[in-house]
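Please read the following report alongside the sequence and the model. The text moves from individual side chains to the chain as a whole.

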Amino acid sequence: MNEMTPVNNLPTDIDSLWAGDGSHLPEWFIAALNVPREEAYVEISGAKVHYLRWGSPISPNC
(Lines give C-alpha, C1' and ligand atoms only; values in the text may rest on other atoms or scores of the structure.)
Protein backbone atom coordinates (compact mmCIF):
# COMPACT_ATOMS: atom_id res chain seq x y z
CA MET A 1 0.00 0.00 0.00
CA ASN A 2 1.24 3.50 -0.83
CA GLU A 3 1.54 5.84 2.09
CA MET A 4 1.49 9.59 1.70
CA THR A 5 4.32 11.38 3.43
CA PRO A 6 4.78 15.12 3.94
CA VAL A 7 7.02 16.90 1.46
CA ASN A 8 9.83 18.78 3.17
CA ASN A 9 10.93 21.18 0.44
CA LEU A 10 7.83 22.55 -1.24
CA PRO A 11 8.44 25.44 -3.64
CA THR A 12 7.53 28.74 -2.02
CA ASP A 13 4.62 29.27 -4.41
CA ILE A 14 2.86 26.08 -3.28
CA ASP A 15 0.63 27.42 -0.54
CA SER A 16 -0.09 25.13 2.39
CA LEU A 17 -3.62 26.57 2.45
CA TRP A 18 -4.50 24.43 -0.60
CA ALA A 19 -1.60 21.95 -0.57
CA GLY A 20 -1.63 20.97 3.10
CA ASP A 21 1.59 19.11 3.85
CA GLY A 22 2.10 18.34 0.14
CA SER A 23 1.83 14.58 0.59
CA HIS A 24 -0.88 14.28 -2.09
CA LEU A 25 1.07 16.24 -4.71
CA PRO A 26 2.85 14.24 -7.43
CA GLU A 27 6.64 14.49 -7.47
CA TRP A 28 6.64 15.72 -11.09
CA PHE A 29 4.45 18.68 -10.05
CA ILE A 30 6.78 19.71 -7.25
CA ALA A 31 9.83 19.27 -9.49
CA ALA A 32 8.25 21.39 -12.26
CA LEU A 33 7.54 24.27 -9.87
CA ASN A 34 11.14 24.15 -8.60
CA VAL A 35 12.50 24.86 -12.12
CA PRO A 36 13.16 28.52 -13.01
CA ARG A 37 10.31 29.89 -15.11
CA GLU A 38 8.73 33.03 -16.49
CA GLU A 39 5.42 34.11 -15.03
CA ALA A 40 3.29 36.87 -16.54
CA TYR A 41 -0.17 37.99 -17.61
CA VAL A 42 -1.57 38.63 -21.08
CA GLU A 43 -4.93 39.98 -22.12
CA ILE A 44 -6.98 37.87 -24.53
CA SER A 45 -10.35 39.15 -25.73
CA GLY A 46 -10.59 41.35 -22.64
CA ALA A 47 -9.75 38.55 -20.20
CA LYS A 48 -6.58 38.65 -18.08
CA VAL A 49 -4.76 35.30 -18.43
CA HIS A 50 -2.00 34.25 -16.04
CA TYR A 51 0.65 31.93 -17.50
CA LEU A 52 3.87 30.17 -16.53
CA ARG A 53 6.53 29.31 -19.14
CA TRP A 54 9.45 26.97 -18.62
CA GLY A 55 12.54 26.77 -20.84
CA SER A 56 14.27 29.26 -23.10
CA PRO A 57 12.28 31.93 -24.91
CA ILE A 58 11.93 31.42 -28.66
CA SER A 59 13.78 33.97 -30.73
CA PRO A 60 11.47 36.09 -32.96
CA ASN A 61 14.01 35.60 -35.78
CA CYS A 62 13.41 31.84 -36.05
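Glu38 is partly exposed in this predicted model, because its relative accessible area of 30% lies between the limits of 20% for buried and 50% for exposed residues. The side chain of Glu38 meets that of Arg53 in a salt bridge, with a distance of 2.2 Å from N to O. This pair links distant parts of the chain, since Glu38 belongs to strand β1 (residues 37-44) and Arg53 to strand β2, with their positions 15 residues apart in the numbering. Arg53 likewise counts as partly exposed, at 33% relative accessibility. The count of salt bridges comes to one. In general terms, side chains of opposite charge can pair when their charged atoms come close.

Strand β2, which spans residues 47-54, also holds Leu52. Leu52 is partly exposed, with a relative accessible area of 32%, and together with Val35 and Trp54 it makes a nonpolar surface patch of about 240 Å².

The loop between β1 and β2 contains Ser45, a residue other than glycine whose phi is nevertheless positive, near 50 degrees. Ser45 counts as exposed, because its relative accessibility of 81% is over the limit of 50%.

What is the arrangement of the rings of Trp28 and Phe29? The structure holds one aromatic pair, in which the ring centres of Trp28 and Phe29 are 5.9 Å apart and the planes stand at 90 degrees, so the pair is edge-to-face. The two partners fall into separate classes of accessibility: Trp28 is exposed, with a relative accessible area of 62%, whereas Phe29 counts as partly exposed at 25%.

The accessibility of the residues discussed individually, including one loop glycine taken up below, is set out here.

| Residue | Relative accessible area | Class |
|---|---|---|
| Glu38 | 30% | partly exposed |
| Arg53 | 33% | partly exposed |
| Leu52 | 32% | partly exposed |
| Ser45 | 81% | exposed |
| Trp28 | 62% | exposed |
| Phe29 | 25% | partly exposed |
| Gly22 | 0% | buried |

Turning to the interior, the largest nonpolar core consists of five residues, namely Ile14, Ala19, Leu25, Ile30 and Leu33. In soluble globular proteins, nonpolar side chains tend to be buried together. Within this core, Ala19 touches Ile14 and Leu25, and it also touches His24, when residues up to four places away in sequence are not counted.

Gly22 is placed in the loop between α1 (16-19) and α2 (27-34). At 0% relative accessibility Gly22 counts as buried, and its C-alpha atom is separated by 7.2 Å from that of Leu10, a residue twelve positions apart from it along the chain.

For the chain as a whole, the secondary structure comes to two helices and two strands, and the elements run α-α-β-β from the N terminus on. Of the 62 residues, 13% count as buried, while the chain exposes about 5,400 Å², of which carbon and sulfur atoms supply 55%. Among the contacts with a separation of 6 or more, 4% are accounted for by residues 24 or more positions apart.

Notes. Residues are numbered from 1 along each chain as its sequence is written. This is a predicted model: local features need pLDDT of at least 70, side-chain atom pairs count only at pLDDT 80 or more; totals for chains, interfaces and linings use all residues. Side-chain values use heavy atoms; hydrogens and water are left out. Patches are made of residues with over 30% relative accessible area and no salt bridge: like charges are joined within 9 Å, nonpolar side chains (Val, Leu, Ile, Met, Phe, Trp, Tyr) within 5 Å. Accessible areas come from the Shrake-Rupley method with a 1.4 Å probe; for residues, only the protein chains shown count as cover. A salt bridge is a side-chain nitrogen of Lys or Arg within 4 Å of a carboxyl oxygen of Asp or Glu. Helices (H or I, at least four residues) and strands (E, at least two) are DSSP runs, numbered from the N terminus. Buried means under 20% relative accessible area, exposed over 50%, partly exposed in between (1.4 Å probe, protein chains only). A nonpolar core is a set of buried Ala, Val, Leu, Ile, Met, Phe, Trp, Tyr and Cys residues joined through side-chain atoms within 4.5 Å. Contact means heavy atoms within 4.5 Å. Rings of Phe, Tyr and Trp (its six-membered ring) pair if their centres lie within 6.5 Å; planes under 30 degrees apart count as stacked, over 60 as edge-to-face and the rest as tilted.
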